Structure formats: C-alpha cells, structure tokens
Amino acid sequence: MMSVTAALLLVSTVSIPTHDAFFDNIRQYCGQSFEGQVVEDNFKGVETFTENRLVMHVRECSENELRIPFHIGDNHSRTWILTKTGSGITLKHDHRNPDGSDDDGTMYGGQTVDAGWANAQSFPADQYSKEDFIRRQIPQSIWNTWHMYIYPGEFFSYRLTREGRELRVDFDLSTPVETPPTPWGYED
C-alpha cells in the first residue's frame, strides 16, 4: 500500500502531454534572453511598455517550474512563474521592489482550465488574484486572462486580455540577446 505522502508526490508530478510539450517548448531556451515588442496595447497606466526595451529571460528551469523574468527598461521587478500542479499549470506574477521585498501586488495569476496546446496555454484569474484585485481596488482585473504562445525558433507571446482591454508582447526567439541584470529579489 502506498503512503499518503507518496501518493501526493505522485499526483503533484502528474501532467498531460500538452502541458509537458508546452513546458519543453519553453525550457529549451533556458539560460537565454530575447527582446520583445508590443504588438497590441490599449492599456493606459503609469508605466507603458511601448516606451521601454522589453526582454524576457528564461532564467530557471526544472521539470515542474519555469521562472522567466520580464524586464521593462530598467525595471527588473517582474518574474513569470509557471508551475505544473498535477491539475494543470499555474502562472504567477512575482513582483518585487528594488530592495527585493515583495511588491504589494505580487503573486497574482491564474490556472489552466483545460489541456491547451503544446504551443498555447491560457490562465484565467484564480481566486487568490480576484480577491487581491478587489483588495487593491482594481475590480476590473478579476476578468483577466493571461495567454502564452510559443513557436520554437520563431516567437514567444505574452498576452493579457479582458473585456475591452488587451496587451500583447511578442519576443523574437530567433535572436538571443545579452542577459539583463538579475531580477529584483533573486540572487545569482
């Protein structure tokens, strides 16, 4: 008979082929960085992506987790964390202050709700994120869905959608660029 702990460990590593393929499509770029450009942006905020150099760095890769810092000019606060959970893939946005401490709005994101595809996964906002958006008085964000698309050798896209709003950044996977500084809150 299998122990509960052993059963939980087995469940936590269960995945389906499309999730594994999606991970592998990204993981093959581990250690590399790529420049991106905004191809859609109707968000109006304090910081605009279109005015800064955008670089993603596939920095840390394991069988079940990928950490991908997203650098916006001299802002090194963002890291996307993709994790296989045994029931899908979660996407979390780790936001840090320059001193490395957690930003007030950190670890929001979502969970896949279906198999997706080897080249595309979507992450509707999870309950933690919805409650956080309400706390931070940005209730419109409870409808956020994040999407990631990867076509090896061609491009990787990060996309955020909700009714009336869209942001999409495409990164050129055919030309690696110099790796940006260590993201805030991480050590080399």
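Mentor: A residue counts as buried when its relative accessible area is under 20%. The model discussed here is a predicted one.

Trainee: Is His95 buried or exposed?

Mentor: The relative accessible area of His95 is 10%. The cut-off for a buried residue is under 20%. His95 therefore counts as buried.

Trainee: Which side chain does a polar contact of 2.9 Å join to that of His95?

Mentor: His95 belongs to strand β6, which covers residues 89–95. Beyond its neighbours within four places in sequence, His95 is in contact with several residues, including Ser77, Arg78, Asp102 and Tyr108. The polar contact of 2.9 Å runs from the side chain of His95 to that of Tyr108.

Trainee: With which ring does Trp80 form an edge-to-face aromatic pair?

Mentor: The whole structure contains twelve aromatic pairs. In one of them, the centres lie 6.2 Å apart and the planes meet at 80 degrees, which makes the pair edge-to-face. The partner of Trp80 in this pair is Phe171.

Trainee: How many residues apart are Trp80 and Phe171?

Mentor: Trp80 is in strand β5, residues 75–84, and Phe171 is in strand β11, residues 165–177. Both Trp80 and Phe171 are buried. The pair links distant parts of the chain, with a separation of 91 residues.

Trainee: Why does the pair of Tyr108 and Trp146 count as tilted?

Mentor: The ring centres of Tyr108 and Trp146 are 5.8 Å apart. Planes under 30 degrees apart would count as stacked and planes over 60 as edge-to-face, with the rest tilted. The pair is tilted because the angle between its planes is 35 degrees.

Trainee: How many residues apart in sequence are the parts that Tyr108 and Trp146 tie together?

Mentor: Tyr108 is placed in strand β7, residues 108–111, and Trp146 in strand β9, residues 145–151. Tyr108 and Trp146 are both buried. The parts that this pair ties together are 38 residues apart.

Trainee: Which residues do ring pairs link into a cluster?

Mentor: Trp80 and Phe171, already described as an edge-to-face pair, belong to this cluster. Ring pairs join them with Phe49, Phe70, Phe156 and Tyr158. The full set is Phe49, Phe70, Trp80, Phe156, Tyr158 and Phe171.

Trainee: Over which ring does the charged end of Lys84 sit?

Mentor: The charged end of Lys84 is 4.9 Å from the centre of the ring in question. That ring belongs to Phe23.

Trainee: Which residues form the disulfide?

Mentor: The structure holds one disulfide. Its sulfur atoms are 2.3 Å apart, and the link is right-handed, with 110 degrees about the S-S bond. One partner lies in the loop between α2 and β1 and the other in strand β3, so the link ties together parts 31 residues apart in sequence. The two residues are Cys30 and Cys61.

Trainee: What does Cys61 count as, given its relative accessibility?

Mentor: For Cys30, a relative accessibility of 34% gives the class partly exposed. Cys61 has 26%, and the class in question lies between under 20% for buried and over 50% for exposed. Cys61 therefore counts as partly exposed.

Trainee: What radius of gyration does the protein have?

Mentor: The protein has three helices and eleven strands, and its C-alpha trace spans about 60 × 40 × 35 Å along the principal axes. A compact globule with 188 residues would have a radius of gyration near 16 Å. The protein agrees with this, at 17 Å.

Methods: Residues are numbered from 1 along each chain as its sequence is written. This is a predicted model: local features need pLDDT of at least 70, side-chain atom pairs count only at pLDDT 80 or more; totals for chains, interfaces and linings use all residues. Side-chain values use heavy atoms; hydrogens and water are left out. Rings of Phe, Tyr and Trp (its six-membered ring) pair if their centres lie within 6.5 Å; planes under 30 degrees apart count as stacked, over 60 as edge-to-face and the rest as tilted. Helices (H or I, at least four residues) and strands (E, at least two) are DSSP runs, numbered from the N terminus. Buried means under 20% relative accessible area, exposed over 50%, partly exposed in between (1.4 Å probe, protein chains only). A charge sits over a ring if NZ of Lys or CZ of Arg is within 6 Å of the ring centre and within 35 degrees of the ring normal. A polar contact is a pair of N or O atoms within 3.5 Å; within protein, one must be able to donate a hydrogen and the other to accept it, and residues adjacent in sequence count only if both atoms are side-chain atoms. Contact means heavy atoms within 4.5 Å. A disulfide is a pair of cysteine sulfur atoms within 2.5 Å. The radius of gyration is taken over C-alpha atoms; the globule rule is 2.2 Å times the number of residues to the power 0.38.
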